[in-house]
Amino acid sequence: MSSSNLKFDNPASPAVVMHWFRKGLRLHDNPALLHALSLVNDKESPGKIYPVYVVDSNCYQLLKCSVLRANFLLECLHDLDRSLRDCGSRLYVTKGDPVAVLPKLWKELEITHVTHEADETGEPYALERDGKVHKAAQEAGVKIKEFYGMETLRPLGNVPGGYVKNVGGCAKAVPSTMTSFQSLVSRIDRGNVPMPLDAPSKQDFPNQKDNHKNQYLPLDHAWEIPWPRGYKRDEIGPVWNRKDCKNTTSSPIAKGGESYALQRLDDTVSKRPDWTASFEKPKTSCTEPSTPSTTVLSPYLSLGCLSPRSAWHAVSEATKKAHSKTNRSKPPVSLHGQLLWRDFNNLMAHSANAQFPGSWGRMEDNPYCRNVPWSSDTELLNAWKKGRTGYPWIDACMSQLHKEGWIHHLGRHAVACFLTRGDLWQNWEVGADHFEGHLLDADYALNNFNWMWLSCSGFFYQYFRCYSPIAFQKKNDPHGHYIRKWVPELANLPVKYIYEPWKAPIAIQKQAGIRIGVDYPKPIVDHAVVSKENMSKMSLAYDAHKEKEADSTKAKKKNSEGNSSTEERPKKKVKKQTKLK
C-alpha cells in the first residue's frame, strides 16, 4: 500500500470529502451529502468538503437535449450553488469526462472520500462511467461510497429495503404490472414510505476557506457545454449554436432549481389540500393554453431537484387537511399513484437491464417489449417531428413540445399513438429518442416505459383502443383554443373546421387567411383508413409473439424433460466411467 493510502486511512488526518452531484441536485433529503458532512464534522480534526458537479456532455441529461433543457440544467446548478453559498460552501463545476476529470480534482484538492447517489436503473452510460470512476478511486486510494434509493421512494435493487430484495433478490421476479407492484409496495413496511431527511444548515458545513474563488464556477450559457465525446452531428439529437442559445431563455413551464421545486410543491400541493386529495390524472386537461392542470413537478423529479419522498409526504399532509366531504382519490390515478408509477417505471428499467444489459430503451432483447415489424419512413417521421402532419391537435402538441419542452400527458399519449400503432406505424424507439431530446422532464426509465405502453409494445396491449387525432380532443376543447395558440396559422378558422381544416371550403380558407396544402399541410395519412390497417398489423404481430412464446415454452419443456430423463441414468454411467479410470 502506498503512503498516500496510509495517509487517507489515518484516523488523525482530517477528511477531505467530495460530494459528487449527478442527478440529486438538492440539499434536502440527500443522505449522500449528509454522510459527506458527517465525515468532516470532527471537532478535534475538522475536515473539508467540496460539492462538485461535472458537466458531462455524454450523460443522459445532456447527450440529446434541446437548448431549453440545457438551460434548465444550468439553472438547477446556479440554484444549487446559491443554496450552498447560503450554507457557507459553494458548488464546484467542471467540464469533461468524469473518469478523467475527477482523479485530477482528487489530486488537486487532496480528496480522501467521495460520496454520490447510485444510478439504479442500469442506464448503460452511467453504469460504465461509475464502474470506471470507482476503479480510479480505488487506484488513487480514495474511499468512495454510493447511496441507494435517493431518486425513488425506495431502493430498486437487492439492497436493504429494495424492491428486488423483497421478492427474494432476483430482478427477474419483480412484478410487471402496476396492480402487482402496488401489492408489493403495501407489503414493504406496511406501505409506509420513509420520511425525507432535512436539508443541512450552515452549522453543518465546516468553516472552510475557498482557494478557488474564480475557478470552477457554474456555466452561464448553454453554448459553454462541450460537444459530446465520440459523437457525430447526426447522432446526438437537437443541435444548436450560440445564436440559438441567445434566442432561447427559460421555459415558461418551469425554472430550474431546488428552491423553485420546493416552491412549486408548496403552491400546487400543500396550499391546495382539496385539489390534492381529489386529484385524478385522467381527469386533468391539456386544453388550457395558459396554466397547466397538473403539478408540473416532473422536471424537478427528473434531475433530483425534488425528492420523491418529500413529494409523497407533502401529498399525505395536504390530504389530511382536505375537507371531510372531499373525495379522496386513490392510486394509481391519485398523486400518490403518480409517484408509484414513477417507481414502477424505474423498477422495470432496473429489471430489464439486470436481465439483458442495455435492453431498456430498445426493442431488441428487451424482456418487457414485444417485437413489432415497424416501418421506417423518414418523410413521415420528419412531418411528425416538425408538427406538419396536417392534423392540428397533433401538430399543436409538437409545437408546444419544441417551444416549452412540455406536453400534458394526454397530448403525449396522442402524439405517441399517432406516430406508432395509430397512424404512421413508425418504431417507438425514434419517438422516445425525439422526446428525450426535447422534454424538460426527460427520464431514462419513464420515457421508454411510456413509449412502450403507448405503442402497445409492452405493459398495455389493448391496441384496438386508438386515440383519434380529431374526435378525442374535440370533446375537451370544442373551440380549439389550444390549437389556435400553438398552430397560429389556423387561428382564424371557424370552430367547425379547426380540427379538420382540409374540409374548409376555399372561401372559408381565404377569409381565415390560410390555404390548406400551402400554408398548412393536408393530412399526411387518412386516419380512418390507416388506423384500421394498423390494428390488423398489430393483431398479426401479437399472433406471431404468441406463437414464438409457445414455441419457446415447448422447447424449454422438452429440454427440461430431456434433462430430467437423463439425470437418473447418467449416475450409472458416471460410476461406470469412474471404474474404468
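Here is a short chat about reading a few features of this predicted model.

Q: Let's start with the sheet. In what order do the five strands of the open sheet come, and how do they pair?
A: Read across the sheet rather than along the chain. Here the order is β3-β2-β1-β4-β5, and the pairing is parallel. The twist averages 25 degrees from one strand to the next.

Q: Which strands stand at the edges?
A: Look for strands with a single partner. In this sheet those are β3 (92-95) and β5 (143-147), so each has one side without a neighbour in the sheet. The partner of β5 is β4 (residues 113-117), joined to β5 by five bridges in the parallel sense. One residue pair to look up is Thr 115, whose bridge partner in β5 is Lys 145.

Q: Which strands does helix α6 touch?
A: Helix α6 (residues 124-140) packs on the sheet against β1, β4 and β5, and its direction makes about 150 degrees with that of β5. Helix α4 (residues 67-86) lies across β1 (16-21) and β2 (48-55), at about 170 degrees to β2.

Q: At what angle do helices α14 and α17 pack?
A: Take the angle together with the axis separation. For α14 (residues 378-385) and α17 (residues 428-438), that's about 35 degrees with axes 12 Å apart, and the crossing is right-handed. Leu 381, Trp 384 and Lys 385 of α14 meet Val 430, Gly 431, His 434 and Phe 435 of α17. That contact splits into four nonpolar residues, two polar and one charged.

Q: Why does Ser 201 count as partly exposed?
A: Because its relative accessibility is 30%, and partly exposed runs between the 20% and 50% cut-offs. Ser 201 sits in the loop between α7 (178-187) and α8 (242-246), and its side chain makes a polar contact with that of Gln 203 at 3.1 Å.

Technical notes. Residues numbered from 1 in each chain as written. Predicted model: local features only at pLDDT ≥ 70, side-chain atom pairs only at ≥ 80, totals over all residues. Heavy atoms only, no water. Helix = DSSP H or I, 4+ residues; strand = E, 2+ residues; numbered from the N terminus. Buried < 20%, exposed > 50% of the residue type's maximum accessible area, 1.4 Å probe, protein only. Polar contact = N/O pair within 3.5 Å; in protein donor to acceptor, adjacent residues only side chain to side chain. Axes fitted to C-alpha atoms, helices over the stretch in contact; angles between N-to-C directions. Left-handed = near helix turned anticlockwise from the far one by under 90°. Contact = heavy atoms within 4.5 Å. Nonpolar A, V, L, I, M, F, W, Y, C, P; charged D, E, K, R; others polar. Pairing = 2+ DSSP bridges.
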